[in-house]
Amino acid sequence: MKERPIFPLLVSMALPMVLSMTVNALYNIVDSFFVAQISEQAMTALSLVYPVQNMINAIAIGFGVGINALIALYSGAGDRCRADTAATHGLVFSILHGLIAAVVCIAMMPGFLRLFTGDEAVIALGVRYSSIAFFFSPVIMAELCFEKLFQAVGRMNETMAALLCGSITNIILDPVLIFGLGPFPMLGISGAALATGIGQCVTLSVYLIIYCTHRFPVRLRLSCIKPDWRLDARLYSIGVPAILNLAHRLQLPDGRRIQVHHRAVCRQGNVSVHPSQSRLFHRDRNHHLLLQQIRHRLAQCQDETVEEP
C-alpha cells in the first residue's frame with residue numbers, strides 16, 4: 001500500500017465497498033418488498049421495528065469505526081502487539097454490545113410498539129419479527145467488527161465477497177421462508193427476520209473462513225484479553241461520537257412520532273386514502289381520528305357536489 005500510486009489505491013479500496021454496500025442496502029428493501037405482499041399490517045409492523053434495528057446497526061458500525069481507527073493506527077506504527085490487542089478487545093466488546101442489545105431490545109419492543117399503535121395485530125407481528133431479528137444482534141456486532149478489521153488492513157475484496165454472500169443469501173431465502181416455497185414451511189414475517197439473520201451468519205462465516213485459512217497481519221489472541229483501560233477508552237472515545245453521528249438521524253421527533261414508509265392503501269367504506277408519501281403517525285387513536293376527519297370531509301364534498309344544480 002505504501003508503494004502504490006494514490007488514485008489507483010483509492011479506487012481499488014473504494015470500489016469494492018461501494019458495490020458491496022449497495023448490495024447490502026438491499027436487506028431492508030428486499031424484506032419490505034416481500035413483507036408488503038403479506039399484509040398492510042405486516043408492512044406497518046416492519047416499518048415500526050426498523051428504527052430500533054437501525055439503531056443496533058448504528059452502534060455496531062460506530063464502534064467498528066473506533067476498532068478500525070486503532071488497528072490502522074497501531075499497524076501503521078509497526079506496533080503489532082497493540083494492533084492485536086485493539087482487534088481482540090474490539091471483538092469482545094462488540095459481542096458484549098450485541099448481547100445487551102438483544103436482551104434490551106427484545107424486552108422493550110412490546111412497549112415501544114404500543115407508543116405508536118393500539119392495533120394488537122400490528123404489535124404481535126412486530127414482536128414476532130423483532131424477537132428473531134434482534135436475537136442475531138451479537139452476530140451483527142461480530143460481523144461488523146470483522147468488516148472493520150478487514151478494512152483496517154486493506155482487505156477490501158474479501159469484505160466485498162463476505163457482504164455479497166450474505167446479501168444474496170438473504171435475497172434468496174426471503175421468498176422461500178416467507179411464502180414456504182418447496183419443502184420449507186410458510187413462516188410469514190418471521191421468515192423475513194430469519195432470512196436476514198441467516199444472511200448475517202453467512203457473512204460472519206465467510207469472514208471467519210478467510211481469517212482462519214489465510215495469513216492475516218492482525219490476529220485475535222486470548223493473551224490480549226486483559227484489562228487495558230487506556231486502549232478501551234480510546235476505542236470508545238472514537239466509537240461513541242461515530243455512534244451518535246449515525247444515530248442522530250434516527251431520533252424520533254418528540255419521542256412519540258415515527259416516520260413510516262409504506263405503499264399500502266387504507267380502505268374503509270367507499271373512501272380510499274393513499275399514503276403515497278412518508279407521514280408522521282402519532283398514537284393509533286389520533287391516526288384513526290385523522291382518517292375519520294378526512295373521510296367525513298370527503299363525504300361532505302360529495303354531498304355538496306350532488307346538491308349543485
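In which helix is K148 found? I began with this residue and placed K148 in helix α6, which covers residues 137–152. I kept in mind throughout that I was reading a predicted model.

**Entry on K148.** I looked up the accessibility of K148 and found a relative accessible area of 12%, which means that K148 is buried, since the cut-off for that class is under 20%. I then listed what K148 touches, setting aside residues up to four places away in sequence, and noted I61, G64, V65 and N68.

**Entry on the whole chain.** I counted ten helices and four strands, and reading from the N terminus I wrote the order down as α-α-α-α-α-α-α-α-α-β-β-β-β-α. Of the 309 residues in the chain, 45% are buried. I also looked at how far apart in sequence the contacts reach: among contacts with a separation of 6 or more, 78% are between residues 24 or more positions apart.

**Entry on α4 and α9.** Next I turned to helix α4, residues 80–114, and helix α9, residues 229–247, whose axes come within 10 Å and cross at roughly 60°. I recorded the crossing of α4 with α9 as right-handed. On the α4 side the contact is made by R82, T85, A86, H89, G90, F93 and H97, and on the α9 side by L231, D232, L235 and Y236. Sorted by class, this contact of α4 with α9 has five nonpolar, four polar and two charged residues.

**Entry on aromatic pairs.** How many aromatic pairs does the structure hold? I found twelve, and one of them is F93 with Y236, an edge-to-face pair at 5.5 Å centre to centre with 75° between the planes. Because F93 lies in helix α4 and Y236 in helix α9, this pair ties together parts that are 143 residues apart in sequence. I checked Y236 for accessibility as well, and with a relative accessible area of 30% Y236 is partly exposed.

I then looked at F150 and Y207, which form a tilted pair with 5.1 Å centre to centre and 50° between the planes. Since F150 lies in helix α6 and Y207 in helix α8, residues 189–213, the pair ties together parts that are 57 residues apart in sequence. Both F150 and Y207 are buried. Following the rings further, I found that ring pairs link F146, F150, Y207, Y211 and F216 into a cluster. At Y211, a member of that cluster, I also noted the charged end of R219, which sits over the ring of Y211 at 4.2 Å from its centre.

**Entry on C224.** Is C224 buried or exposed? I first placed C224 in the loop between α8 and α9, and the answer is that C224 is buried, with a relative accessible area of 6%. Leaving aside neighbours within four places in sequence, I listed D84, T85, T88 and H89 as the residues in contact with C224. Two of these, T85 and H89, had already appeared in my notes on the contact of α4 with α9. I finally looked up the C-alpha separation between C224 and A87, and wrote down 9.1 Å for two residues that are 137 residues apart along the chain.

Terms used:
Residues are numbered from 1 along each chain as its sequence is written. This is a predicted model: local features need pLDDT of at least 70, side-chain atom pairs count only at pLDDT 80 or more; totals for chains, interfaces and linings use all residues. Side-chain values use heavy atoms; hydrogens and water are left out. Axes are lines fitted to C-alpha atoms, for helices over the stretch in contact, and angles run from 0 to 180 degrees between N-to-C directions. Helices (H or I, at least four residues) and strands (E, at least two) are DSSP runs, numbered from the N terminus. A crossing is left-handed if the near helix is turned anticlockwise from the far one by less than a right angle, and right-handed if clockwise. Contact means heavy atoms within 4.5 Å. Ala, Val, Leu, Ile, Met, Phe, Trp, Tyr, Cys and Pro count as nonpolar, Asp, Glu, Lys and Arg as charged, and the others, Gly among them, as polar. Buried means under 20% relative accessible area, exposed over 50%, partly exposed in between (1.4 Å probe, protein chains only). Rings of Phe, Tyr and Trp (its six-membered ring) pair if their centres lie within 6.5 Å; planes under 30 degrees apart count as stacked, over 60 as edge-to-face and the rest as tilted. A charge sits over a ring if NZ of Lys or CZ of Arg is within 6 Å of the ring centre and within 35 degrees of the ring normal.
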